[in-house]
Amino acid sequence: MSCLSAFWEPVRALQTLFPQRSVPISRPPNPYHKHMKDISSLNPERILVCQLRQIGDVLLATPSIRLLKERFPNAEIEVFTEKKCAPVLENNPHISKVWALDKNEVASPLKALGYYARVGRGKDLIIDFQQLPRTRWVAMLSGAPVRLTFTPPWYNKFVYTHYRRNDDGYAAKCKASILKLLGIEWDRHPPEIFLSDEEKAFADDFLKRIGATEGVVTVDPSHRRKTRKWPEEHFAGLIRGIREEHPGLKFVLLYGPGEVDVCRKVADLAGEGAVIPEDMLSLRQMAAVQQRALLHMGNCSAPRHMAVAVGTPSLVVHGATGFAWRFPSEDHVGVIKKLPCQPCNENECSHISCLKELTPAECLPQALKLVRNSLDAQAEQTDG
């Protein structure tokens, strides 16, 4: 066990011994709990946003980053995230610097503490969307006069100066709600990803090579959690159903490391029209291809948020997860079996009836409607 892990283990143990309280036992009241200093007129020059993971969650933080830049146009905004998530922040005009954490480079406790101190140094405002051990260290070592987060458990309240309860609803709205203390309101701002001309050109060339002359649908059939993964045969059935009405469409099966076998099974069952990229697409190449698509279909994972970010309609199958991950728009549809146990947010299940019993036929009408809407929109642009 590392020194950092050893530090936090006793803290975690206390959670099981004492119920959560607004004021820690045998401690003076937190002065910020009921009487936090008003920061609605704050004018910071250097802001740090902490959102370490996952890829979809980092994308869901981009509306907050935009809102911060609009509220404080002269401020430099930096983001602390994991290296694997950093690509979705490239070219973002609202961000001055990305601190891309490579865990291998901070394996030793001393190196880690030094790194965390550098990340937080000189900041006027730190916004922590996660309260993970690494982000808490950054906040503690920063000396920033304002350290803002959602309401923390009692044992973490000493780390932060300001906090509020998250609003319910869409996940990006939930994140942005803590910015209300700064006088900032979320107003249906979607996630954002800023593609380069080269990335858009890659997508055009890719679609030309696979012969997608009549349109393309991207499909994300994988998930590391079985309670969030629709069966391969169901994805294949949905593809076949759409092709009956639109036989010229191509279906690009997206995959990450270790997921290509899932795509192969879907392609074998779907038959003609299913395409598996020979080389795994990078996150940004994937987003560029999605931007050219009529529709994105998939499980509840990062590509659904990428589709929203590039303006492509989506249809997502929900198993264990609820609709807080769905952007509130008719262009983004969530399909759910509506079993009494849904949503459970569990990672294990003995039957997974919510996914096995949700048939392609139940999803097909919505998928066809979204495809038709996209084709109509393209025709209007062409006529215009």
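The largest pocket in this predicted model has a volume of about 1,000 Å³. Its lining consists of 32 residues. Besides this pocket, the structure holds a largest nonpolar core of 57 residues, another core of 33 residues lying apart from it, and eight aromatic pairs.

**Pocket**

- Of the residues lining the largest pocket, Gln54, His223, Arg224, Ser301 and Ala302 lie nearest its centre.
- Three helices each supply at least two residues of this lining: H3, H10 (283-291) and H11 (302-310).

**Nonpolar cores**

- Within the largest nonpolar core, the residues that touch the most other members are Ile47, Val49, Leu68, Val88, Ile127, Leu179 and Leu182.
- The greatest contribution to this core comes from helix H3 (residues 55-71), which gives eight residues.
- Helix H3 therefore has a part in two of the features described here, since it gives residues to the largest core and also supplies at least two residues of the pocket lining.- Leu182 is in contact with Ile39, Ser40, Leu42, Leu68, Arg71, Phe72, Leu125, Ile127 and Leu148, leaving aside residues up to four places away in sequence.
- Among the members of the other core, of 33 residues, are Trp230, Ala267, Val335 and Ala367.

**Aromatic cluster**

- Phe80, Trp99, Tyr115 and Tyr116 together form one aromatic cluster.
- In this cluster, the ring centres of Tyr115 and Tyr116 are 6.2 Å apart and the ring planes stand at 65 degrees, so this pair is edge-to-face.
- Tyr115 has a relative accessibility of 12% and so counts as buried.
- Tyr116 also counts as buried, because its relative accessibility is 0%.
- Lys97 sits over the face of Trp99, at 3.7 Å from the ring centre.

**Aromatic pair in helix H7**

- Phe202 and Phe206 form a stacked aromatic pair, with 6.2 Å from centre to centre and 20 degrees between the planes.
- Both residues belong to helix H7 (residues 197-209), where Phe202 and Phe206 are four residues apart, about one turn of the helix.
- The relative accessible area of Phe202 is 23%, so Phe202 is partly exposed.
- Phe206 has a relative accessible area of 4% and is therefore buried.

Notes:
Residues numbered from 1 in each chain as written. Predicted model: local features only at pLDDT ≥ 70, side-chain atom pairs only at ≥ 80, totals over all residues. Heavy atoms only, no water. Phe/Tyr/Trp six-rings, centres within 6.5 Å; stacked < 30°, edge-to-face > 60°. Buried < 20%, exposed > 50% of the residue type's maximum accessible area, 1.4 Å probe, protein only. Lys NZ or Arg CZ within 6 Å of the ring centre and 35° of its normal. Core = buried A, V, L, I, M, F, W, Y, C linked by side-chain atoms within 4.5 Å. Contact = heavy atoms within 4.5 Å. 1 Å grid on protein atoms, 1.4 Å probe; cavity = no way out; pocket = protein on both sides within 12 Å on 5 of 7 lines; lining within 4 Å. Points joined across faces, edges and corners; volume = space filled by probe spheres on them.
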